[in-house]
Amino acid sequence: FLEKFSHLNPIDTRTVLPEPINTHVNPASSLVMHFHHFRRTAQQNGTARRSDPEGGQFSFSAEPSLEQIRRLQAEFTEERDWSQFHQPRNLLMALVGEVGEVAELFQWRGEVSEGLPGWSDSDREKVAQELSDVCIYLVELAEKCRVDLPQAVLRKMELNRRKYPASKVHGSAKKYTEYTD
Ligand SMILES: Nc1ccn([C@H]2C[C@H](O)[C@@H](COP(=O)(O)OP(=O)(O)OP(=O)(O)O)O2)c(=O)n1
């Protein structure tokens with residue numbers, strides 16, 4: 001994926017896509033092109049994984065990146081003149097609502113193991129859809145809060161590593177405030 005765009009300046013995230021998606025409405029939408037490209041790639045990558053959904057091996061597709069998701073959603077909202085509704089607080093409400101929808105899929109099931117063994121394809125697809133809604137709103141909320149989410153995640157993980165040194169907390173789920181030394 002990176003090689004494909006190696007002629008572009010790797011520091012400028014706006015150049016990740018071959019044609020930048022503009023914030024204004026674009027009738028011959030490059031979004032559609034990228035959307036189908038992403039979907040195709042996801043389907044190809046997904047086939048191998050879906051053959052054993054409960055198996056141990058799993059990884060995400062490399063694309064779309066969070067920046068690409070941000071742009072796809074920006075174009076989706078621009079095309080519908082919905083930006084007027086997508087202020088930070090509204091996005092937060094929408095995000096929390098979608099988290100609730102994920103919770104609804106798990107409620108009354110008792111403990112669920114990794115890989116969701118025994119779940120139907122239709123229920124698995126519902127989980128994928130609701131988690132996607134969460135992701136879409138989270139990315140847009142981060143954008144509206146001017147949080148560069150991928151970099152913020154790296155910074156936060158470094159903080160987490162320092163707060164919970166592996167040597168100290170190995171095998172324990174205690175909160176950092178519970179350690180006495
Ligand atoms: N004002 C809106 C409405 C929808 N969406 C997008 C982002 C979410 O990915 C998805 C949410 O759509 P719905 O509110 O229809 O919620 P669901 O898809 O979860 O439908 P339902 O609530 O029927 O399960 O659509 C958006 O960006 N802005």
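Mentor: Quick definition before you start: a helix here is a DSSP run of H or I with at least four residues, a strand is a run of E with at least two, and both are numbered from the N terminus. Also, this is a predicted model.

Trainee: Got it. How many helices and strands does the protein have?

Mentor: Six helices and zero strands. Reading along the sequence, you get α-α-α-α-α-α.

Trainee: What does the pLDDT average out to?

Mentor: The average is 82, and 70% of the residues score at least 70. Over residues 1–28, though, the pLDDT is below 50, and that stretch has 24 contacts in the model beyond near neighbours in sequence. Residues 47–51 are also below 50, with one contact of that kind.

Trainee: And what are the ipTM and pTM?

Mentor: The model scores ipTM 0.98 and pTM 0.77.

Trainee: Okay, burial. What share of the residues is buried?

Mentor: Buried residues come to 8% of the 181 in the protein. Helix α5 is a good place to look, since it is hardly covered: zero of its 15 residues count as buried.

Trainee: Where does α5 sit, and what is its reach from first C-alpha to last?

Mentor: Residues 149–163 form α5, and the reach is 20 Å, close to the 21 Å expected at 1.5 Å a residue.

Trainee: What about α3, what is the reach there?

Mentor: Helix α3 takes in residues 88–106, 19 in total, and spans 28 Å between its end C-alphas; the expected value is 27 Å. Just after α3 comes Trp108, with a positive phi of about 70°.

Trainee: Is Trp108 buried or exposed, and why?

Mentor: Exposed, because Trp108 has 5 C-beta neighbours inside 10 Å, and the cut-off for exposed is 12 or fewer. That positive phi comes although Trp108 is not a glycine. You'll find Trp108 in the loop between α3 and α4, the helix at 121–144.

Trainee: Which other residue has a positive phi although it is not a glycine?

Mentor: Leu116 has one, at about 50°. Leu116 also lies in the loop between α3 and α4. Its count is 16 other C-beta atoms within 10 Å, so Leu116 is partly exposed.

Trainee: While we're on backbone oddities, where is the cis peptide bond?

Mentor: Between Glu63 and Pro64, with omega at about 5°. Pro64 belongs to the loop that runs between α1 (30–50) and α2 (66–79).

Trainee: Changing topic: how is the protein divided into domains?

Mentor: Domain 1 is 1–50 + 57–85, and domain 2 is 88–166.

Trainee: How many residues are in contact between the two?

Mentor: Five residues of domain 1 are in contact with eight residues of domain 2. On the domain 1 side, the touching residues split into three nonpolar, one polar and one charged.

Trainee: Now the ligand. Which residues are around the ligand?

Mentor: Thr77, Trp82, Phe85, Glu101, Asp133 and Ile136. By type, that shell has three nonpolar residues, one polar and two charged. At least three shell residues come from each of domain 1 and domain 2.

Trainee: Take Trp82. Where is Trp82 found?

Mentor: In the loop between α2 and α3. Trp82 is exposed, because 10 other C-beta atoms lie within 10 Å. For a sense of distance, Trp82 and Lys126 are 44 residues apart in sequence and 25 Å apart in space, C-alpha to C-alpha.

Trainee: Ile136 is in that shell too. What is Gln73 in contact with, leaving aside its neighbours within four places in sequence?

Mentor: Gln73 is in contact with Ile136, Val139 and Glu140. Gln73 itself lies in helix α2. It has 18 other C-beta atoms within 10 Å, so Gln73 counts as partly exposed; buried would take 20 or more.

Trainee: How far apart are Gln73 and Glu63?

Mentor: Ten residues in sequence, and 15 Å in space, C-alpha to C-alpha.

Trainee: Last one: among contacts between residues at least 6 apart in sequence, what share joins residues at least 24 apart?

Mentor: That share is 71% for this protein.

Note on methods: Residues numbered from 1 in each chain as written. Predicted model: local features only at pLDDT ≥ 70, side-chain atom pairs only at ≥ 80, totals over all residues. Near = placed C-beta within 6 Å. Nonpolar A, V, L, I, M, F, W, Y, C, P; charged D, E, K, R; others polar. Domains from an automatic or database assignment. Expected span 1.5 Å × (residues − 1). Contact = placed C-beta atoms within 7 Å. pLDDT = per-residue confidence, 0-100.
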